[in-house]
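Welcome! Here is a short guided tour for someone meeting this structure for the first time. Please keep the 3D view open as you read.

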Amino acid sequence: FQIEENSVYWCTADIGWITGHSYLSYAPLMSGITSIVDEGSFNYPHYKKVFNVIEKYKVNVFYTAPTLIRMLAGNCDDFVDDYSLESLKVLGSVGEPISDEAWQWYFEKVGKNRCYIVDTWWQTETGSIVMSPQKDRHPHPVPSYAMAPLDGLDVKIDEGGSLLITTPWPSMARGIYGDENRFFETYFKEGGGFYLTGDGAEKNSDGYIRVTGRLDDVLNVAGHRLSTAEIESVIAEHPLVLEAAVVGRSDEIKGDAPVAWLVLSKKSENITKELNELIAKEIGKIALLKEVYLVSDLPKTRSGKIMRRILRKMVENSQLPKEKLKEELGDLSTLSQAEIIHDLYQGLSLPR
């Protein structure tokens, strides 16, 4: 699809989000094309609103987040075919990793098996897209894969599965106002001189890259970036909580759903209810815990850092047999107490 003067483009991002800056205002204005800006909720008065806009304004490029795609898939499957979406040429995904199921629904129901899907990966700090399928290089993109870096950029995946950007680029952040040292300490020192994205990634046999999600302490809950430290600090206010670690469990609608692993001073039958009441009051209902797991200790490195990777793997693969789950956990050599894994297995099945 070639962008032309009469092309109609719709990016659903809020103007206050980086995608709203870069790809709702700057990019379409610089390209001289028509950009649709929508205000309000996408389900008011009904999810049909999305398809009404595409049909009415003959949108050619539709760029949205997996959260909205999942919401549309769950609420619009019965009537999406009632709308004429023939104007669509390119579909875009942004903001979080998209699942295979959401990608396929997007391709089949919205794109009618003919639109090219551009699954973009980038961050607020990068200012613009870093990895994305490109039709001339990737005529058949792999579902849920960002595929490869754009021209002039390069990335690598370190031994721990962290995604690093190894080349500079024009739109990258230059620092943090008032604290330049923090910027370099956070993004470059930890990455061994390369830009540490904080995202995990993996390559398939063809060398194409799939971003698996955050490795640090940030959750993406229905498009809201929530700090696990913020949730943990509220949980710690409960008198029975000795230690807490919050991780995300994949959720079909929200993207991430907060899950807490707790060490309590004594048993409590109402701990989940009481913690969610605290969280609703201090942060809001968007941060409510989906699940709580009770353990006697948390997995830590020898330096005392909680290994959230293990906790996240445990909840994501909780239905697997014990031996298969152990394989999914990967390298455990940095654990200070290897026997803690047995306690975590038990925590998955404890009443809470």
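A residue is called buried here when its relative accessible area is under 20%, exposed when over 50%, and partly exposed in between. Please keep in mind that the model is a predicted one.

**Helix α2 and its surroundings**

Let us start with helix α2, which spans residues 48-57. Which of its residues are buried? They are Lys-49, Val-50, Phe-51, Val-53 and Ile-54. An α-helix has 3.6 residues a turn, so residues three or four places apart point the same way. The buried residues of α2 pack against three strands, β1 (8-11), β2 (34-36) and β3 (61-64), and against the helices α3 (66-75) and α4 (100-110). Just after α2 comes Lys-58, with a positive phi of about 50°.

**Helix α3 and Trp-103**

Helix α3 has its own set of buried residues: Pro-66, Thr-67, Leu-68, Ile-69, Arg-70 and Leu-72. Their cover includes α2, β3, β4, α4, β12 and β13.

One residue of α4 deserves a stop, namely Trp-103. Is Trp-103 buried or exposed? Its relative accessibility is 7%, so Trp-103 counts as buried. Setting aside neighbours within four places in sequence, Trp-103 is in contact with Ile-98, Ile-117, Pro-141, Pro-143 and Ser-144. Arg-70 lies 33 residues from Trp-103 along the chain, and the C-alpha atoms of the two are 9.3 Å apart.

**The second largest pocket**

Now look for the second largest pocket, which holds about 730 Å³ of space. It is lined by 24 residues, and those closest to its centre are Ile-3, Val-61, Val-90, Val-118 and Ile-129. Two or more lining residues come from each of α1 (18-31), β3, β4 (90-93) and β5 (116-119). Helix α1 gives the largest share, four residues. What is the lining made of, by class? There are 17 nonpolar, six polar and one charged residues.

**A pair of strands**

Further along the chain, strand β12 (residues 241-251) is mostly covered, with eight of its 11 residues buried. Its partner is β13 (residues 255-264), and the two run antiparallel over 10 bridges. A hairpin of three residues joins β12 to β13. Within this pairing, Ser-250 stands opposite Asp-256 of β13.

**Aromatic rings**

The whole structure contains 15 aromatic pairs. Two of them are set out below.

| Pair | Centre to centre | Angle between planes | Arrangement |
|---|---|---|---|
| Phe-183 and Phe-184 | 5.3 Å | 80° | edge-to-face |
| Phe-188 and Tyr-195 | 6.0 Å | 70° | edge-to-face |

Why do both pairs count as edge-to-face? Planes over 60 degrees apart are classed that way, so angles of 80° and 70° both qualify.

The members of the first pair are not alike in their cover. Phe-183 has 3% relative accessibility and therefore counts as buried, whereas Phe-184, at 43%, counts as partly exposed. In the other pair, Phe-188 and Tyr-195 are both buried. Ring pairs also bring these four residues together with Trp-169 and Tyr-187 in one cluster.

Notes. Residues numbered from 1 in each chain as written. Predicted model: local features only at pLDDT ≥ 70, side-chain atom pairs only at ≥ 80, totals over all residues. Heavy atoms only, no water. Buried < 20%, exposed > 50% of the residue type's maximum accessible area, 1.4 Å probe, protein only. Contact = heavy atoms within 4.5 Å. 1 Å grid on protein atoms, 1.4 Å probe; cavity = no way out; pocket = protein on both sides within 12 Å on 5 of 7 lines; lining within 4 Å. Points joined across faces, edges and corners; volume = space filled by probe spheres on them. Nonpolar A, V, L, I, M, F, W, Y, C, P; charged D, E, K, R; others polar. Pairing = 2+ DSSP bridges. Phe/Tyr/Trp six-rings, centres within 6.5 Å; stacked < 30°, edge-to-face > 60°.
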